[in-house]
Amino acid sequence: MLRFKLFGIEIRLNFLFFAVLTVILLTDQTGIPVWALIASCIHECGHMVAFFCFHQTPRLISFELGGIRMQGQRMEQLKTWQEAVILLAGSGVNFLAFFLHLAVQQNLFASIHLLIGCFNLLPVKSLDGGKLLELLFQCIFPFHLAYRSVQICSWGFCLLLLIFGGYLAYYLNFTLLAFGIYLLISLLAEHRKRA
């Protein structure tokens with residue numbers, strides 16, 4: 001892992017993130033992953049703007065197998081709704097870009113923004129949707145019960161995605177199965193980190 005500071009923000013670059021990205025970019029013939037990478041960067045810019053709106057400066061930006069993760073310097077000072085806004089900002093920007101690209105007839109790029117926005121809201125712990133679910137559960141349940149509930153939802157949803165993705169891979173294509181495997185790997189990596 002490579003670590004350095006840029007404008008006071010710690011940047012961590014995990015080899016696996018760039019290895020997977022390189023394999024995808026080298027094996028693809030359509031060019032869609034390049035557009036997806038651009039849409040993902042726009043997604044992360046949405047989170048960054050939300051950080052700054054609440055007077056937060058990211059202290060860490062980590063490129064890891066589970067995606068790109070940001071941590072603020074004073075997150076404990078934020079209210080729950082402010083954390084939720086920061087988590088929703090990435091997908092919100094993707095949905096806004098979806099409508100803008102749809103209006104100018106760029107249907108492919110619009111579809112990619114829609115998929116990235118929806119994908120990040122899935123109720124899986126390593127994604128924004130899982131973190132939002134955890135925030136919601138922490139308002140209702142004690143911390144340990146909220147954490148356990150999100151884990152159960154994440155693993156259950158991932159299993160459903162793998163089953164449905166396997167079915168589609170057999171009859172249509174393997175994209176959903178690849179996303180399911182990616183989420184499974186990110187869940188396993190997070191579980192290993194917590195252990």
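**A four-stranded sheet and its helices**

In this predicted model, a useful place to begin is the pairing of strand β1 with strand β2 (residues 9-13): the two run antiparallel and are joined by 5 bridges. In general, the strands of a sheet pair through backbone hydrogen bonds, in either a parallel or an antiparallel way. Within this pair, lysine 5 stands opposite glutamate 10 of β2.

Glutamate 10 deserves a closer look. This residue lies in strand β2. Its relative accessibility is 17%, and because buried means under 20%, glutamate 10 counts as buried. Its side chain and that of arginine 12 are joined by a polar contact of 3.0 Å. Apart from neighbours within four places in sequence, glutamate 10 is in contact with Arg3, Phe4 and Lys5, and also with Arg59, Leu60 and Ile61.

The view can now widen to the sheet. It is an open sheet of 4 strands in the order β1-β2-β3-β4, and its pairing is mixed. The edge strands, each pairing on one side only, are β1 (2-6) and β4 (67-72). From one strand to the next, the twist averages 15 degrees.

Helix α1 (residues 15-27) packs on this sheet, where it touches β2, β3 (58-64) and β4, and its direction makes about 50 degrees with that of β3. The 13 residues of α1 reach 18 Å from first C-alpha to last, close to the 18 Å expected at 1.5 Å a residue. At the start of α1, asparagine 14 brings a side-chain oxygen to within 2.9 Å of the backbone nitrogen of leucine 16. Helix α2 (residues 32-53) lies across β3 and β4 and runs at about 5 degrees to β4.

Further along the chain come helices α5 and α6. Two packed helices are described by the angle between their axes and by the distance between those axes. Helix α5 (residues 128-140) and α6 pack at an angle of about 145 degrees, with axes 9 Å apart. The crossing of α5 past α6 is right-handed. On the α5 side the contact is made by Gly130, Leu133, Glu134, Phe137 and Gln138, and on the α6 side by Phe143, Ala146, Tyr147, Ser149, Val150 and Cys153.

Helix α6 itself (residues 143-171) has 29 residues and reaches 42 Å from its first C-alpha to its last, close to the expected 42 Å at 1.5 Å a residue. Its buried residues are Ala146, Tyr147, Ser149, Val150, Gln151, Ser154, Cys158, Leu161 and Gly165. Among them, Ala146, Tyr147, Ser149 and Val150 also take part in the contact with α5.

Conventions: Residues numbered from 1 in each chain as written. Predicted model: local features only at pLDDT ≥ 70, side-chain atom pairs only at ≥ 80, totals over all residues. Heavy atoms only, no water. Expected span 1.5 Å × (residues − 1). Buried < 20%, exposed > 50% of the residue type's maximum accessible area, 1.4 Å probe, protein only. Pairing = 2+ DSSP bridges. Axes fitted to C-alpha atoms, helices over the stretch in contact; angles between N-to-C directions. Contact = heavy atoms within 4.5 Å. Polar contact = N/O pair within 3.5 Å; in protein donor to acceptor, adjacent residues only side chain to side chain. Left-handed = near helix turned anticlockwise from the far one by under 90°.
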